[in-house]
Amino acid sequence: MTAAVLTSHAPKQLSLQPLHKVPLPAGRPRVWYESHNRRLKAMRLAIALLDTGVYRPEQAPDRAIRTMAALIGVHPPSEATCRMVRALIYDGR
């Protein structure tokens, strides 16, 4: 029988450096860039809301989403972006 060995390892330091940004591909229609940026903004807002304990779409009215946008430093989202945030939060039950 083997004995469990407990060792103390120092936890890894998380790097808070921003990720290297890659430019978007050129030559796409303007609509593609708009929808891409809308999806990125919705994901940022959904992650921020999840981090604050909002786990269900009905807990995220437009007002709460727009307040979170101001807190994380992004422009106020449109109604379409707010709907997208709620769709990302949707748990599928």
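Mentor: Start with one term: two residues are in contact when heavy atoms lie within 4.5 Å. We will need it for the cover over helix H3. Keep in mind that this is a predicted model.

Trainee: How many helices and strands does the chain have?

Mentor: There are 3 helices and 0 strands. Read from the N terminus, the order is α-α-α. H1 spans 30-51 and H2 spans 62-72. H3 covers residues 79-89.

Trainee: What share of the chain counts as buried?

Mentor: Buried means under 20% relative accessible area. Here 19% of the 93 residues meet that mark. The chain exposes about 8000 Å². Carbon and sulfur atoms supply 60% of that area.

Trainee: How do I read one helix by its sides? Which residues of H3 are buried?

Mentor: Sort the residues by burial, then look around the axis. In H3, Thr81, Cys82, Val85 and Ile89 are buried. Their arc around the axis is only 105 degrees, so they sit on the same side of H3. Glu79, Arg83 and Ala87 are exposed on the other side.

Trainee: What covers the buried residues of H3?

Mentor: The cover includes H1 and H2. Take valine 85 as a case. Setting aside neighbours within four places in sequence, valine 85 contacts Ala42, Leu45, Ala46, Leu49 and Ile65.

Trainee: Is there a wider rule behind this?

Mentor: In soluble globular proteins, nonpolar side chains tend to be buried together. Now the case here. The largest nonpolar core has 13 residues. Those touching the most other members are Leu45, Leu49, Ala60, Ile65, Val85 and Ile89. H1, H2 and H3 each supply at least two residues of this core.

Trainee: Which helix gives the most to this core?

Mentor: H1 does, with 5 residues.

Trainee: How far along the sequence do contacts reach?

Mentor: Take the contacts in the chain with a separation of 6 or more. Residues 24 or more positions apart account for 54% of them.

Trainee: Now the charges. How many salt bridges are there in the whole structure?

Mentor: A search finds 3. For each one, ask where its two partners sit. Arginine 86 pairs with aspartate 62, with the closest N and O atoms 2.9 Å apart. Arginine 86 is in helix H3 and aspartate 62 is in helix H2, so this pair ties together parts 24 residues apart in sequence. Aspartate 62 is partly exposed, at 23% relative accessible area.

Trainee: And the pair of glutamate 34 and arginine 30: how far apart are they in helix H1?

Mentor: They are 4 residues apart, which means about one helical turn separates them. Their closest N and O atoms are 3.1 Å apart. Glutamate 34 is partly exposed at 42% relative accessibility, while arginine 30 is exposed at 65%.

Trainee: Which residue forms a salt bridge with arginine 56?

Mentor: Glutamate 58 does, at 2.5 Å from N to O. Arginine 56 is partly exposed at 44% relative accessibility. Glutamate 58 is exposed, with a relative accessible area of 54%.

Trainee: One last feature. Which residues form a nonpolar patch on the surface?

Mentor: Met43, Ile47 and Leu88 do. Together they have about 270 Å² of accessible area. Look at leucine 88, which belongs to helix H3. Buried, exposed or partly exposed: which fits leucine 88?

Trainee: Leucine 88 has a relative accessible area of 43%, so it counts as partly exposed.

Conventions: Residues numbered from 1 in each chain as written. Predicted model: local features only at pLDDT ≥ 70, side-chain atom pairs only at ≥ 80, totals over all residues. Heavy atoms only, no water. Patch = residues over 30% accessible without salt bridge, like charges linked within 9 Å, V, L, I, M, F, W, Y side chains within 5 Å. Areas by Shrake-Rupley, 256 points an atom, 1.4 Å probe, with all protein chains shown as cover. Salt bridge = Lys/Arg side-chain N within 4 Å of Asp/Glu carboxyl O. Buried < 20%, exposed > 50% of the residue type's maximum accessible area, 1.4 Å probe, protein only. Core = buried A, V, L, I, M, F, W, Y, C linked by side-chain atoms within 4.5 Å. Arc of directions from axis to C-beta.
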